[in-house]
Amino acid sequence: MKTLLYIKSSPRTDRSHSHTAAKAFLSVYQQKNPQDKIVTIALFAQSLPEFDNFAAESKYAIMHGREKTAEQVKKWTQIEKIIEQFKSADKYLISTPMWNFGIPYKLKHYIDIIVQPGYTFSAEHGSYKGLAGGKPLCIIYARGGSYDDNSPMDFQKKYLDLIFGFIGFTDIKTIICQPTLADEKTSADAQSAAVEAARKTADFF
Ligand SMILES: Cc1cc2nc3c(=O)[nH]c(=O)nc-3n(C[C@H](O)[C@H](O)[C@H](O)COP(=O)(O)O)c2cc1C
């Protein structure tokens, strides 16, 4: 039995384009892999520990080989639990809207928690190595407008490719639903194409 971790980062429900495509993905995936477990993290429906002074100082303590204080250890235990949950999955699905040309703050918060030295990347002799990769990841993007891969305004896909590449993911499938804020037909066509792409990707995931 494998575990697929689904990270949902739109606060919207049925009207979310990214989540609609993700639901199609999960439905096909579950049919094809009935023995697998799907764990969902709905980022706007649960709270994450603040990445506050104690968390940041813990991160520096790890990087500089210093002992953590008792308060830092307490905070770090919460951070570690989320990293462990992330790392224990075998496959990953992320759905995300474009917000202000980037990603929603809750997804950034989650990334700030899971990207940690000694856990998801290592930094030795001045070079970085991803420690969380070697597993499939599919990212579903929704955007009100349309952006091609070279658009200077895209800090959404470019950033997620960069950060998940940094922690070791090399097998990243991409599904883009755009433009979702166009006229009704264009938006509906974009949604259908994204659902179809999601189904096809899930078939061999
Ligand atoms: C706070 C906010 C910021 C947004 N910023 C952008 C943006 O920078 N570029 C864009 O094309 N669409 C933007 N949109 C539109 C969303 O990307 C679009 O509606 C998308 O379908 C949302 O994903 P969802 O349907 O899964 O919630 C924004 C929407 C919101 C609510």
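This report describes a predicted model, beginning with the ligand and then turning to helices and individual residues.

**The ligand and its shell**

The ligand has 17 residues around it, and among these Ser18, Pro97, Gly144, Gly145 and Thr180 come nearest. By character, the shell comprises 6 nonpolar residues, 9 polar ones and 2 charged ones. Helix H1, which covers residues 17-32, supplies the largest share of this shell, namely 3 residues.

**Helix H1**

The length of H1 agrees with expectation: its 16 residues should span 22 Å at 1.5 Å a residue, and its end C-alpha atoms lie 23 Å apart. Several of its residues are buried, and these are His17, Ser18, His19, Thr20, Ala21, Ala22, Ala24, Phe25 and Tyr29. Ser18 thus appears both among the buried residues of H1 and among the residues that come nearest to the ligand. The cover over the buried residues of H1 includes four strands, S1 (3-8), S3 (91-97), S6 (137-142) and S7 (172-177), together with helix H6 (184-203). In general, an α-helix has 3.6 residues a turn, so residues three or four places apart point the same way.

**The crossing of H2 and H3**

Helix H2 (residues 53-63) and helix H3 (residues 70-88) have axes that come within 8 Å and cross at roughly 95°. An angle from 65 to 115 degrees counts as roughly perpendicular, and H2 and H3 are therefore described in that way. On the H2 side the contact is made by Phe54, Ala55, Glu57, Ser58 and Ala61, which meet Glu71, Gln72, Lys75, Trp76 and Ile79 of H3. The residues of this contact divide into 5 nonpolar, 2 polar and 3 charged.

**The loop between S7 and H6**

Pro179 is placed in the loop between S7 and H6, and the peptide bond that leads to Pro179 from Gln178 is cis, with omega near -5°. Leu181 also has its place in the loop between S7 and H6. Apart from residues up to four places away in sequence, Leu181 touches Gly144, Gly145 and Ser187. Gly144 and Gly145 are also among the residues that come nearest to the ligand. Between the C-alpha atoms of Leu181 and Ala21, which are 160 residues apart along the chain, the separation is 16 Å.

**Lys173 in strand S7**

Lys173 belongs to strand S7. Leaving aside neighbours within four places in sequence, Lys173 is in contact with Cys138 and Thr201. Lys173 and Thr201 are 28 residues apart along the chain, and their C-alpha atoms are separated by 7.8 Å.

**Backbone angles before H4**

Most residues other than glycine have a negative phi, and most peptide bonds are trans. Asn100, in the loop between S3 and helix H4 (105-114), has a positive phi near 50°. Phe101 lies in the loop between S3 and H4 and has a positive phi near 70°.

**Exposure of selected residues**

The table lists residues discussed above with their exposure.

| Residue | Other C-beta atoms within 10 Å | Exposure |
|---|---|---|
| Asn100 | 9 C-beta atoms | exposed |
| Leu181 | 14 C-beta atoms | partly exposed |
| Phe101 | 16 C-beta atoms | partly exposed |
| Lys173 | 18 C-beta atoms | partly exposed |

A residue counts as exposed with 12 or fewer other C-beta atoms within 10 Å, so Asn100, with 9, is exposed. Phe101, with 16 C-beta neighbours inside 10 Å, therefore counts as partly exposed.

Methods: Residues are numbered from 1 along each chain as its sequence is written. This is a predicted model: local features need pLDDT of at least 70, side-chain atom pairs count only at pLDDT 80 or more; totals for chains, interfaces and linings use all residues. A residue is near a molecule or strand if its C-beta atom, placed from the backbone, lies within 6 Å of it. Helices (H or I, at least four residues) and strands (E, at least two) are DSSP runs, numbered from the N terminus. Ala, Val, Leu, Ile, Met, Phe, Trp, Tyr, Cys and Pro count as nonpolar, Asp, Glu, Lys and Arg as charged, and the others, Gly among them, as polar. The expected span of a helix is 1.5 Å times one less than its number of residues. A residue is buried if 20 or more other C-beta atoms lie within 10 Å of its own, exposed if 12 or fewer, and partly exposed in between; C-beta atoms are placed from the backbone. Two residues are in contact if their C-beta atoms, placed from the backbone, lie within 7 Å. Axes are lines fitted to C-alpha atoms, for helices over the stretch in contact, and angles run from 0 to 180 degrees between N-to-C directions. Angles under 35 degrees count as roughly parallel, over 145 as roughly antiparallel, 65 to 115 as roughly perpendicular and the rest as oblique.
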